[in-house]
Amino acid sequence: NKQILLDNRPTGEAVASNFKLVSSETPALQDGQVLVRHHYLSLDPYMRGRMNDSKSYAAPQPLGQVMQGGTAGEVVESKNAKFSLGDKVVGFGGWQEYSVVDAGQVGMLRKVDTAHIPLSAYLGAVGMPGVTAWYGLMKICEPKPGETVVVSAASGAVGSVVGQLAKARGCRAVGIAGGKDKCDYVVQELGFDACVDYKAHKDPKSLYAALKDATPNGVDGYFENVGGVIMDTVLARMNAFGRIALCGMIAGYDGQPLPLTTPQLILTNRLKVQGFIVSEHMEHWPAALTELGTLVATGKLKFRESVAQGIEAAPEAFLGLLKGRNFGKQLVKLI
Ligand code: NDP
(Lines give C-alpha, C1' and ligand atoms only; values in the text may rest on other atoms or scores of the structure.)
Protein backbone atom coordinates (compact mmCIF):
# COMPACT_ATOMS: atom_id res chain seq x y z
CA ASN A 1 0.00 0.00 0.00
CA LYS A 2 1.83 3.09 -1.24
CA GLN A 3 1.10 6.18 0.84
CA ILE A 4 2.02 9.85 0.78
CA LEU A 5 2.76 11.43 4.14
CA LEU A 6 3.16 15.05 5.14
CA ASP A 7 6.85 15.00 6.04
CA ASN A 8 7.41 18.65 6.99
CA ARG A 9 5.47 21.92 6.88
CA PRO A 10 5.96 24.55 4.16
CA THR A 11 7.73 27.79 4.95
CA GLY A 12 6.07 30.00 2.33
CA GLU A 13 5.21 28.15 -0.85
CA ALA A 14 4.37 24.44 -0.58
CA VAL A 15 7.02 22.28 -2.32
CA ALA A 16 7.33 18.62 -3.32
CA SER A 17 9.82 17.91 -0.51
CA ASN A 18 7.06 18.60 2.05
CA PHE A 19 5.72 15.16 1.10
CA LYS A 20 7.18 11.67 1.43
CA LEU A 21 6.25 8.45 -0.36
CA VAL A 22 6.27 5.29 1.79
CA SER A 23 4.94 1.78 1.45
CA SER A 24 3.33 -0.51 4.01
CA GLU A 25 1.33 -3.74 4.25
CA THR A 26 -2.43 -3.46 4.65
CA PRO A 27 -3.30 -5.00 8.03
CA ALA A 28 -5.61 -8.02 8.41
CA LEU A 29 -9.21 -6.84 8.88
CA GLN A 30 -10.89 -6.91 12.29
CA ASP A 31 -14.64 -7.36 12.78
CA GLY A 32 -16.61 -4.41 11.44
CA GLN A 33 -13.80 -3.13 9.23
CA VAL A 34 -13.84 -2.61 5.46
CA LEU A 35 -10.87 -2.54 3.06
CA VAL A 36 -11.26 -0.06 0.19
CA ARG A 37 -9.08 0.04 -2.90
CA HIS A 38 -8.95 3.63 -4.08
CA HIS A 39 -9.54 4.30 -7.76
CA TYR A 40 -9.32 8.09 -7.41
CA LEU A 41 -7.86 10.55 -4.92
CA SER A 42 -9.37 14.01 -4.73
CA LEU A 43 -6.91 16.89 -4.57
CA ASP A 44 -8.42 20.03 -3.09
CA PRO A 45 -7.14 23.53 -2.32
CA TYR A 46 -8.17 23.28 1.39
CA MET A 47 -5.36 20.75 1.88
CA ARG A 48 -2.85 23.58 1.57
CA GLY A 49 -4.27 25.31 4.66
CA ARG A 50 -4.05 22.10 6.66
CA MET A 51 -0.35 21.74 5.83
CA ASN A 52 0.27 24.77 8.08
CA ASP A 53 0.33 24.53 11.84
CA SER A 54 -1.86 27.59 12.31
CA LYS A 55 -5.28 27.98 13.86
CA SER A 56 -8.05 27.49 11.33
CA TYR A 57 -11.51 26.01 11.08
CA ALA A 58 -9.98 22.54 10.63
CA ALA A 59 -7.20 20.91 12.64
CA PRO A 60 -3.79 20.83 10.90
CA GLN A 61 -2.76 17.72 9.00
CA PRO A 62 -0.52 15.80 11.46
CA LEU A 63 3.13 15.39 10.42
CA GLY A 64 4.29 11.89 9.51
CA GLN A 65 0.77 10.73 8.70
CA VAL A 66 -1.02 9.97 5.44
CA MET A 67 -2.28 13.15 3.76
CA GLN A 68 -5.99 13.34 4.48
CA GLY A 69 -8.45 13.69 1.64
CA GLY A 70 -11.48 12.41 -0.21
CA THR A 71 -11.31 9.14 -2.15
CA ALA A 72 -13.49 7.07 -4.46
CA GLY A 73 -12.99 3.34 -4.83
CA GLU A 74 -14.26 -0.16 -4.38
CA VAL A 75 -14.69 -2.48 -1.40
CA VAL A 76 -12.19 -5.34 -1.83
CA GLU A 77 -12.66 -7.00 1.56
CA SER A 78 -15.41 -6.59 4.15
CA LYS A 79 -16.02 -7.73 7.70
CA ASN A 80 -18.98 -5.39 7.94
CA ALA A 81 -22.52 -6.51 7.07
CA LYS A 82 -23.32 -3.12 5.50
CA PHE A 83 -20.66 -3.46 2.78
CA SER A 84 -20.04 -6.15 0.20
CA LEU A 85 -17.23 -6.90 -2.20
CA GLY A 86 -17.47 -4.72 -5.27
CA ASP A 87 -19.46 -1.90 -3.66
CA LYS A 88 -18.39 1.44 -5.11
CA VAL A 89 -17.79 3.86 -2.27
CA VAL A 90 -16.77 7.43 -1.60
CA GLY A 91 -14.95 8.20 1.61
CA PHE A 92 -12.09 10.02 3.24
CA GLY A 93 -9.29 7.49 2.77
CA GLY A 94 -6.39 9.88 2.14
CA TRP A 95 -3.44 9.80 -0.24
CA GLN A 96 -2.87 6.05 -0.34
CA GLU A 97 -3.79 3.10 -2.52
CA TYR A 98 -5.91 1.30 0.08
CA SER A 99 -7.64 2.35 3.28
CA VAL A 100 -8.99 0.33 6.18
CA VAL A 101 -12.21 1.87 7.47
CA ASP A 102 -12.98 1.10 11.11
CA ALA A 103 -16.41 -0.04 12.31
CA GLY A 104 -16.93 3.33 14.00
CA GLN A 105 -16.02 5.21 10.80
CA VAL A 106 -18.07 3.34 8.20
CA GLY A 107 -20.72 6.04 8.51
CA MET A 108 -18.27 8.22 6.57
CA LEU A 109 -18.27 5.69 3.71
CA ARG A 110 -21.03 6.32 1.18
CA LYS A 111 -22.13 3.71 -1.36
CA VAL A 112 -22.62 5.29 -4.77
CA ASP A 113 -24.40 4.23 -7.94
CA THR A 114 -22.14 4.32 -10.97
CA ALA A 115 -24.76 3.23 -13.52
CA HIS A 116 -25.48 6.80 -14.66
CA ILE A 117 -22.78 8.84 -12.94
CA PRO A 118 -19.06 8.06 -13.29
CA LEU A 119 -17.30 7.21 -10.01
CA SER A 120 -14.90 10.14 -10.30
CA ALA A 121 -17.80 12.65 -10.45
CA TYR A 122 -18.60 11.85 -6.83
CA LEU A 123 -15.39 13.70 -5.93
CA GLY A 124 -16.34 16.68 -8.07
CA ALA A 125 -19.68 17.92 -9.41
CA VAL A 126 -21.66 15.30 -7.43
CA GLY A 127 -19.47 15.58 -4.35
CA MET A 128 -17.99 18.13 -1.99
CA PRO A 129 -17.08 20.74 -4.65
CA GLY A 130 -20.55 20.51 -6.20
CA VAL A 131 -22.27 20.94 -2.85
CA THR A 132 -19.96 23.88 -2.11
CA ALA A 133 -21.14 25.55 -5.32
CA TRP A 134 -24.78 24.75 -4.58
CA TYR A 135 -24.68 26.00 -1.00
CA GLY A 136 -22.79 29.23 -1.63
CA LEU A 137 -24.91 30.11 -4.63
CA MET A 138 -28.35 29.11 -3.34
CA LYS A 139 -28.04 30.03 0.32
CA ILE A 140 -25.74 33.07 0.19
CA CYS A 141 -25.88 34.60 -3.30
CA GLU A 142 -29.63 33.81 -3.47
CA PRO A 143 -29.88 34.40 -7.24
CA LYS A 144 -33.07 35.68 -8.81
CA PRO A 145 -33.93 35.42 -12.52
CA GLY A 146 -32.44 38.28 -14.51
CA GLU A 147 -29.70 39.01 -12.00
CA THR A 148 -25.98 38.82 -12.77
CA VAL A 149 -23.81 36.27 -10.94
CA VAL A 150 -20.01 36.37 -11.17
CA VAL A 151 -17.73 33.51 -10.11
CA SER A 152 -13.93 33.41 -9.97
CA ALA A 153 -11.85 30.28 -10.72
CA ALA A 154 -14.76 29.70 -13.09
CA SER A 155 -13.41 26.66 -14.97
CA GLY A 156 -12.63 24.76 -11.75
CA ALA A 157 -14.47 22.11 -9.80
CA VAL A 158 -16.55 24.56 -7.78
CA GLY A 159 -16.72 27.52 -10.17
CA SER A 160 -17.94 25.51 -13.16
CA VAL A 161 -20.94 24.29 -11.16
CA VAL A 162 -21.74 27.76 -9.77
CA GLY A 163 -22.11 29.29 -13.24
CA GLN A 164 -24.19 26.44 -14.66
CA LEU A 165 -26.56 26.48 -11.67
CA ALA A 166 -26.86 30.27 -11.95
CA LYS A 167 -27.75 29.94 -15.65
CA ALA A 168 -30.33 27.29 -14.82
CA ARG A 169 -31.94 29.80 -12.44
CA GLY A 170 -32.28 32.40 -15.17
CA CYS A 171 -29.28 34.55 -14.28
CA ARG A 172 -26.58 36.08 -16.40
CA ALA A 173 -23.50 34.00 -15.47
CA VAL A 174 -20.06 35.58 -15.83
CA GLY A 175 -16.82 33.76 -15.07
CA ILE A 176 -13.32 34.96 -14.30
CA ALA A 177 -10.55 32.50 -15.21
CA GLY A 178 -6.88 32.37 -16.14
CA GLY A 179 -6.17 32.05 -19.85
CA LYS A 180 -8.04 31.93 -23.15
CA ASP A 181 -8.55 28.16 -23.16
CA LYS A 182 -10.27 28.19 -19.79
CA CYS A 183 -12.43 31.18 -20.76
CA ASP A 184 -13.41 29.63 -24.09
CA TYR A 185 -14.41 26.43 -22.30
CA VAL A 186 -16.48 28.33 -19.72
CA VAL A 187 -18.48 30.14 -22.41
CA GLN A 188 -18.63 27.60 -25.24
CA GLU A 189 -18.91 24.33 -23.30
CA LEU A 190 -20.46 25.34 -19.99
CA GLY A 191 -22.77 28.01 -21.42
CA PHE A 192 -21.75 31.00 -19.30
CA ASP A 193 -22.70 34.33 -20.88
CA ALA A 194 -19.18 35.73 -20.65
CA CYS A 195 -15.78 35.07 -19.09
CA VAL A 196 -12.99 37.51 -18.25
CA ASP A 197 -9.42 36.25 -18.66
CA TYR A 198 -7.67 37.93 -15.72
CA LYS A 199 -4.24 36.92 -17.03
CA ALA A 200 -4.84 39.03 -20.14
CA HIS A 201 -5.50 42.07 -17.93
CA LYS A 202 -2.51 42.52 -15.62
CA ASP A 203 -3.40 46.16 -14.96
CA PRO A 204 -6.32 46.45 -12.49
CA LYS A 205 -7.90 49.24 -14.58
CA SER A 206 -7.91 47.03 -17.64
CA LEU A 207 -9.36 44.13 -15.62
CA TYR A 208 -12.10 46.43 -14.35
CA ALA A 209 -12.90 47.59 -17.88
CA ALA A 210 -13.18 43.97 -19.10
CA LEU A 211 -15.43 43.04 -16.18
CA LYS A 212 -17.57 46.12 -16.81
CA ASP A 213 -18.08 45.04 -20.42
CA ALA A 214 -19.10 41.56 -19.24
CA THR A 215 -21.48 42.89 -16.55
CA PRO A 216 -23.39 45.78 -18.15
CA ASN A 217 -26.02 45.69 -15.38
CA GLY A 218 -23.53 45.38 -12.52
CA VAL A 219 -23.19 42.33 -10.25
CA ASP A 220 -25.86 41.05 -7.83
CA GLY A 221 -24.23 37.82 -6.64
CA TYR A 222 -20.51 37.14 -6.42
CA PHE A 223 -19.08 33.71 -5.62
CA GLU A 224 -15.49 34.30 -4.53
CA ASN A 225 -12.86 31.57 -4.89
CA VAL A 226 -9.70 33.62 -5.32
CA GLY A 227 -9.41 36.91 -3.36
CA GLY A 228 -6.92 39.76 -3.84
CA VAL A 229 -7.05 41.91 -6.95
CA ILE A 230 -9.90 39.87 -8.42
CA MET A 231 -12.12 40.41 -5.38
CA ASP A 232 -11.24 44.09 -5.32
CA THR A 233 -12.26 44.43 -8.96
CA VAL A 234 -15.59 42.65 -8.57
CA LEU A 235 -16.41 44.67 -5.44
CA ALA A 236 -16.28 47.79 -7.59
CA ARG A 237 -19.00 46.32 -9.88
CA MET A 238 -21.41 45.21 -7.13
CA ASN A 239 -24.95 46.58 -7.17
CA ALA A 240 -26.67 47.85 -4.04
CA PHE A 241 -27.76 44.97 -1.76
CA GLY A 242 -25.53 42.50 -3.63
CA ARG A 243 -24.50 39.24 -1.96
CA ILE A 244 -20.98 37.82 -1.80
CA ALA A 245 -20.34 34.17 -0.91
CA LEU A 246 -16.75 34.01 0.37
CA CYS A 247 -15.85 30.45 -0.48
CA GLY A 248 -12.09 30.53 -0.98
CA MET A 249 -9.13 32.88 -1.37
CA ILE A 250 -6.69 30.64 -3.18
CA ALA A 251 -4.52 33.59 -4.29
CA GLY A 252 -3.31 33.81 -0.67
CA TYR A 253 -2.96 30.13 0.32
CA ASP A 254 0.83 30.16 0.01
CA GLY A 255 1.01 33.25 2.23
CA GLN A 256 0.67 36.00 -0.39
CA PRO A 257 -1.00 39.25 0.79
CA LEU A 258 -4.63 39.74 -0.26
CA PRO A 259 -5.21 43.46 -0.73
CA LEU A 260 -8.69 44.84 -0.21
CA THR A 261 -8.40 48.45 -1.23
CA THR A 262 -12.02 49.62 -1.16
CA PRO A 263 -13.83 47.92 1.76
CA GLN A 264 -16.02 51.03 2.07
CA LEU A 265 -17.94 49.73 -0.97
CA ILE A 266 -19.40 47.04 1.32
CA LEU A 267 -20.97 49.83 3.35
CA THR A 268 -21.99 52.20 0.60
CA ASN A 269 -23.56 49.39 -1.44
CA ARG A 270 -25.06 47.68 1.66
CA LEU A 271 -23.52 44.35 0.62
CA LYS A 272 -23.90 41.04 2.41
CA VAL A 273 -20.57 39.20 2.66
CA GLN A 274 -20.74 35.71 4.12
CA GLY A 275 -17.92 33.19 4.49
CA PHE A 276 -18.86 29.52 4.78
CA ILE A 277 -17.44 26.03 5.20
CA VAL A 278 -19.48 23.45 3.32
CA SER A 279 -18.92 20.66 5.87
CA GLU A 280 -20.75 22.75 8.49
CA HIS A 281 -23.97 22.60 6.49
CA MET A 282 -24.55 18.85 6.25
CA GLU A 283 -28.32 19.34 6.42
CA HIS A 284 -28.23 20.72 2.86
CA TRP A 285 -26.10 17.95 1.34
CA PRO A 286 -28.93 15.51 0.47
CA ALA A 287 -30.95 18.10 -1.48
CA ALA A 288 -27.86 19.44 -3.19
CA LEU A 289 -26.54 15.99 -4.13
CA THR A 290 -29.94 14.94 -5.47
CA GLU A 291 -30.13 17.97 -7.74
CA LEU A 292 -26.48 17.72 -8.84
CA GLY A 293 -26.71 13.95 -9.44
CA THR A 294 -29.84 14.35 -11.58
CA LEU A 295 -28.26 17.15 -13.60
CA VAL A 296 -25.06 15.15 -14.24
CA ALA A 297 -26.92 11.93 -15.06
CA THR A 298 -29.09 13.77 -17.61
CA GLY A 299 -26.14 15.58 -19.17
CA LYS A 300 -27.37 19.01 -18.07
CA LEU A 301 -24.42 19.71 -15.78
CA LYS A 302 -21.04 19.43 -17.48
CA PHE A 303 -17.69 19.06 -15.83
CA ARG A 304 -14.09 18.49 -16.73
CA GLU A 305 -11.26 16.70 -14.93
CA SER A 306 -7.48 16.90 -14.78
CA VAL A 307 -6.30 13.39 -14.03
CA ALA A 308 -2.78 12.65 -12.79
CA GLN A 309 -1.69 9.05 -13.07
CA GLY A 310 -0.40 7.03 -10.10
CA ILE A 311 0.07 7.96 -6.47
CA GLU A 312 3.62 9.19 -7.08
CA ALA A 313 2.11 12.01 -9.15
CA ALA A 314 -0.06 13.35 -6.31
CA PRO A 315 2.33 15.95 -4.82
CA GLU A 316 3.15 17.60 -8.16
CA ALA A 317 -0.51 17.54 -9.21
CA PHE A 318 -1.45 19.19 -5.92
CA LEU A 319 1.19 21.91 -6.30
CA GLY A 320 -0.06 22.44 -9.86
CA LEU A 321 -3.62 22.92 -8.57
CA LEU A 322 -2.41 25.78 -6.38
CA LYS A 323 -0.82 27.36 -9.47
CA GLY A 324 -3.82 26.92 -11.76
CA ARG A 325 -2.22 24.19 -13.88
CA ASN A 326 -5.35 22.04 -13.42
CA PHE A 327 -8.23 22.42 -15.83
CA GLY A 328 -11.33 21.30 -13.95
CA LYS A 329 -11.46 18.95 -10.97
CA GLN A 330 -7.98 17.68 -10.06
CA LEU A 331 -7.86 13.94 -9.44
CA VAL A 332 -5.23 11.25 -9.13
CA LYS A 333 -6.15 7.96 -10.84
CA LEU A 334 -4.70 4.90 -9.18
CA ILE A 335 -6.16 2.07 -11.28
P1 NDP B 1 -10.29 24.63 -8.77
O2 NDP B 1 -10.61 23.42 -9.56
O3 NDP B 1 -11.03 25.88 -9.04
O4 NDP B 1 -8.73 24.87 -8.90
C5 NDP B 1 -8.14 25.99 -8.33
C6 NDP B 1 -8.10 27.13 -9.36
O7 NDP B 1 -7.84 28.35 -8.69
C8 NDP B 1 -6.97 27.03 -10.36
O9 NDP B 1 -7.26 26.18 -11.43
C10 NDP B 1 -6.80 28.46 -10.82
O11 NDP B 1 -7.66 28.74 -11.89
C12 NDP B 1 -7.28 29.26 -9.60
N13 NDP B 1 -6.15 29.96 -9.01
C14 NDP B 1 -5.09 29.45 -8.39
N15 NDP B 1 -4.27 30.42 -7.98
C16 NDP B 1 -4.81 31.56 -8.35
C17 NDP B 1 -4.42 32.92 -8.22
N18 NDP B 1 -3.29 33.26 -7.61
N19 NDP B 1 -5.22 33.85 -8.71
C20 NDP B 1 -6.37 33.50 -9.33
N21 NDP B 1 -6.80 32.23 -9.48
C22 NDP B 1 -6.01 31.28 -9.00
O23 NDP B 1 -10.42 24.29 -7.22
P24 NDP B 1 -11.78 24.00 -6.43
O25 NDP B 1 -12.91 24.21 -7.33
O26 NDP B 1 -11.62 22.74 -5.73
O27 NDP B 1 -11.78 25.16 -5.31
C28 NDP B 1 -12.11 26.49 -5.67
C29 NDP B 1 -12.11 27.35 -4.42
O30 NDP B 1 -13.13 26.91 -3.53
C31 NDP B 1 -10.81 27.31 -3.61
O32 NDP B 1 -10.55 28.61 -3.15
C33 NDP B 1 -11.17 26.40 -2.45
O34 NDP B 1 -10.37 26.64 -1.32
C35 NDP B 1 -12.62 26.77 -2.23
N36 NDP B 1 -13.41 25.76 -1.52
C37 NDP B 1 -14.05 26.15 -0.38
C38 NDP B 1 -14.87 25.30 0.29
C39 NDP B 1 -15.62 25.79 1.49
O40 NDP B 1 -16.26 24.99 2.18
N41 NDP B 1 -15.57 27.07 1.79
C42 NDP B 1 -15.03 23.89 -0.14
C43 NDP B 1 -14.35 23.59 -1.39
C44 NDP B 1 -13.56 24.50 -2.04
P45 NDP B 1 -7.26 29.85 -12.99
O46 NDP B 1 -6.28 29.19 -13.90
O47 NDP B 1 -8.53 30.21 -13.60
O48 NDP B 1 -6.61 30.97 -12.23
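## Helix H3 and its surroundings

The buried residues of H3 pack against H2, strand S8 (148–152), strand S9 (172–177), helix H4 (180–189), strand S11 (219–224) and strand S15 (329–333). The model is predicted.

**Helix H3.** Ten residues line up on the buried side of the count: Ala157, Val158, Gly159, Ser160, Val161, Val162, Gly163, Gln164, Leu165 and Ala166. That is 10 of the 12 residues of H3, so the helix is largely enclosed by the rest of the structure. Gly170 follows H3 and has a positive phi, near 80°.

**Ala166.** This residue lies in helix H3. Ala166 counts as buried because 27 C-beta neighbours fall inside 10 Å; the cut-off for buried is 20 or more. Beyond neighbours within four places in sequence, Ala166 is in contact with Leu137, Pro143, Val149, Cys171 and Ala173. Lys144 is 22 residues away along the chain, and its C-alpha is separated from that of Ala166 by 8.8 Å.

**The ligand shell.** The ligand is surrounded by 27 residues. The closest are Gly156, Val158, Gly178, Gly248 and Gly324. Val158 is also one of the buried residues of H3. H3 gives the largest share of the shell, 3 residues. Both H2 and H3 supply at least two residues each. By class, the shell holds 15 nonpolar, 9 polar and 3 charged residues.

**Helix H8.** A second helix also packs against H2 (128–141): the buried residues of H8 make that packing. These buried residues are Ala288, Leu292, Gly293 and Val296. They lie on the same side of H8, because they cover an arc of only 125° around the axis. Pro286 and Thr290 are exposed, and sit on the face of H8 turned away from its buried side. Just after H8, Gly299 takes a positive phi of about 75°.

The table sets out the spans of the two helices.

| Helix | Residues | Number of residues | First to last C-alpha | Expected at 1.5 Å a residue |
|---|---|---|---|---|
| H3 | 157–168 | 12 residues | 17 Å | 16 Å |
| H8 | 285–297 | 13 residues | 17 Å | 18 Å |

For H3, the reach is close to the expected value. The reach of H8 is likewise close to its expected value.

**Leu322.** This residue is placed in helix H9 (residues 314–322). Is Leu322 buried or partly exposed? Leu322 counts as partly exposed, because it has 19 C-beta neighbours inside 10 Å. A buried residue needs 20 or more. Leaving out residues up to four places away in sequence, Leu322 touches Ala14, Pro45, Arg48, Ile250, Tyr253 and Asp254. Asp254 is 68 residues from Leu322 in sequence, yet the C-alpha atoms are 8.4 Å apart in space.

**The annotated span.** The unreviewed UniProt entry carries the annotation "domain: Enoyl reductase (ER)" for residues 14–332. In the model, this span is 27% helix and 24% strand. The C-alpha atoms at its ends, residues 14 and 332, lie 18 Å apart. Ala14, at one end of the annotated span, is among the residues touched by Leu322.

Notes: Residues are numbered from 1 along each chain as its sequence is written. This is a predicted model: local features need pLDDT of at least 70, side-chain atom pairs count only at pLDDT 80 or more; totals for chains, interfaces and linings use all residues. UniProt positions are given in the numbering used here, feature names are shortened, and annotations may be inferred rather than shown by experiment. Helices (H or I, at least four residues) and strands (E, at least two) are DSSP runs, numbered from the N terminus. Two residues are in contact if their C-beta atoms, placed from the backbone, lie within 7 Å. The expected span of a helix is 1.5 Å times one less than its number of residues. The arc is that of the directions from the helix axis to the C-beta atoms. A residue is near a molecule or strand if its C-beta atom, placed from the backbone, lies within 6 Å of it. Ala, Val, Leu, Ile, Met, Phe, Trp, Tyr, Cys and Pro count as nonpolar, Asp, Glu, Lys and Arg as charged, and the others, Gly among them, as polar.
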